[in-house]
Amino acid sequence: MARLDVTETVQGVFFPGHLHTQDSLQQARSFHFQDSDTLIVTYPKSGTTWMQEVVTLVSRRGDPQMSQTVPNWERAPWLEQYYSSQVLGASQGPRLLTTHLPYSFLGNALQGSKAKVIYVSRNPKDVAVSFYHFHKMANFLPQPGSFKDFLDRFLEGTVHYGSWFDHVKGWTSQVDLVDNFLFISYEEMWLDLRGSIEKVSTFLQRPLEDEELKRCLCHCSFSSMKENRMVNYTLIPQDIMDHSKGTFMRKGQIGDWRNTFSEEQNCHFDAVFSTKMKDSHLNFVWEGPVKEGVSLREEMF
Ligand code: PPS
C-alpha cells in the first residue's frame with residue numbers, strides 16, 4: 001500500500017492515506033474492545049513507541065526477546081491503520097493496541113469496556129518540533145515547509161491527526177471518571193523512568209521483582225531503543241521513510257524546543273495555549289530540576 005500522496009479526512013481530521021483508509025478509520029470507531037485489552041493513546045510524537053516498549057517489557061517481566069524480534073507495529077498495532085484487523089486476527093492472549101485517534105472517535109467504542117487505557121502526553125512545544133522533523137523524513141506526510149508555517153498549522157490543528165489541544169482535552173476529560181485510565185507524561189518518563197515503569201506495572205497489575213525492573217529500564221532507555229531495529233523504524237524502506245533526512249529516534253530530550261522556537265513563536269504559542277486550555281485543570285510538569293539552581297520546577301511554560 002503506497003498511497004503516499006493520499007490524505008483521508010474524517011470529521012475534519014486529516015490522516016495519511018498510506019496507513020489509513022476510510023474503512024480502517026470506520027472500523028476503528030466501532031472496534032469491539034475486550035476487557036483484557038490495553039490501549040496506548042497518544043497524539044503523535046508524544047512517546048508512543050517508548051510506551052509500547054515499556055508495556056511490552058513489563059508484560060514480559062523485562063525479557064527483551066519480543067521487543068527485539070517483533071516490530072512495534074505488530075506487537076502493538078494502531079487500531080486505525082489498514083493492517084490492524086489482519087494483525088489482530090492472528091494475535092493470541094491479551095492485546096496491546098495503540099491509537100492516535102481523538103477521543104471523539106473512540107469514546108463510544110470504549111463505553112462499557114474495562115480495557116485499560118494509557119494516555120501519554122508531551123510538552124506540545126517539543127511535540128511540534130519532533131513532528132516537524134518527522135514530516136521531513138516521512139514521505140507519507142506532506143512536506144512541512146518552514147518551521148514557522150508548520151507551527152501555525154500545528155496551532156490551528158490543521159496538521160495530520162488534528163489538534164493537539166482537542167486530543168489532550170478530549171482524552172483527559174475521562175481521567176477522573178474511570179479507574180482504568182492512566183495518564184502519564186513523556187516528561188515524567190524522562191525524569192523518572194524507574195518510577196514510571198513501576199506506575200505502569202502497578203496499573204497493569206503486573207508487579208515486577210527488582211531484577212525484572214532493572215531489565216525493563218535497560219531495554220527501554222533511549223540508547224537501547226535507538227539501536228533496536230524493531231522500534232527505530234529502519235525496517236521501513238527508504239521511499240516511505242527517508243532515513244537520509246533524519247532518524248526516528250532523533251534526540252529524545254525534554255525542552256529541546258528552545259533550540260528551534262524564536263522568542264516571537266514562543267510568545268504566540270503561550271498565548272494560543274492559554275486560550276485553548278483555559279477550561280482545563282490539567283497541571284503539566286514539563287521540566288525537571290534545572291542545574292545551577294535556576295529553578296526547581298517550571299510548571300506549564
Ligand atoms: S510516533 O511517530 O507518533 O509513533 O512517535 P512517538 O513514538 O510518539 O514519538 C517519537 C519521539 O519519542 C522519542 N523517544 C524517546 N525519548 C526518550 N527515551 C526513549 N526511550 C524514547 N523512545 C522514543 C523519539 O526520539 C521522538 O522524539 P524526538 O524529540 O523527535 O527525539
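Buried means under 20% relative accessible area. The views below are taken from a predicted model.

**View 1. Helix α11 and its buried residues.** Helix α11 spans residues 193-203. Its buried residues are Leu193, Gly195, Ser196, Ile197, Val200, Ser201 and Phe203. An α-helix has 3.6 residues a turn, so residues three or four places apart point the same way. The cover over the buried residues of α11 includes two strands, β5 (116-121) and β6 (181-185). Helices α2 (48-59), α10 (186-191) and α12 (210-219) are also among the elements that cover them. Just past the end of α11, Gln205 has a positive phi of about 55°.

**View 2. Ser196 within α11.** Ser196 belongs to helix α11. Its relative accessibility is 3%, so Ser196 counts as buried, the limit being under 20%. When residues up to four places away in sequence are not counted, Ser196 touches Ile184, Glu188 and Met189.

**View 3. The ligand in its pocket.** The ligand occupies the largest pocket. There are 21 residues around the ligand, and those that come nearest are Thr48, Thr49, Ser130, Tyr186 and Lys251. Helix α2 contributes three residues to the shell around the ligand, the most of any element. Both α2 and α13 (222-227) supply at least two residues of this shell.

**View 4. Polar contacts to the ligand.** For Thr48, a polar side-chain atom is 2.4 Å from an oxygen atom of the ligand. Thr49 likewise places a polar side-chain atom 2.4 Å from an oxygen atom of the ligand. At Cys220 the contact is made by the backbone, with an N or O atom 3.1 Å from a nitrogen atom of the ligand. The ligand taken alone exposes 640 Å², and the protein buries 97% of that.

**View 5. His160 in the loop between α8 and α9.** His160 lies in the loop that runs between α8 (147-156) and α9 (164-172). With a relative accessibility of 5%, His160 counts as buried because the limit is under 20%. Neighbours within four places in sequence are left aside in the contacts of His160. The aromatic residues in contact with His160 include Phe14, Phe15, Tyr43 and Phe131. Thr7, Pro16, Leu141 and Pro142 are also in contact with His160.

Technical notes
Residues numbered from 1 in each chain as written. Predicted model: local features only at pLDDT ≥ 70, side-chain atom pairs only at ≥ 80, totals over all residues. Heavy atoms only, no water. Buried < 20%, exposed > 50% of the residue type's maximum accessible area, 1.4 Å probe, protein only. Helix = DSSP H or I, 4+ residues; strand = E, 2+ residues; numbered from the N terminus. Contact = heavy atoms within 4.5 Å. Near = heavy atom within 4 Å. Polar contact = N/O pair within 3.5 Å; in protein donor to acceptor, adjacent residues only side chain to side chain. Areas by Shrake-Rupley, 256 points an atom, 1.4 Å probe, with all protein chains shown as cover. 1 Å grid on protein atoms, 1.4 Å probe; cavity = no way out; pocket = protein on both sides within 12 Å on 5 of 7 lines; lining within 4 Å. Sits in = over half its atoms within 2 Å of the grid points.
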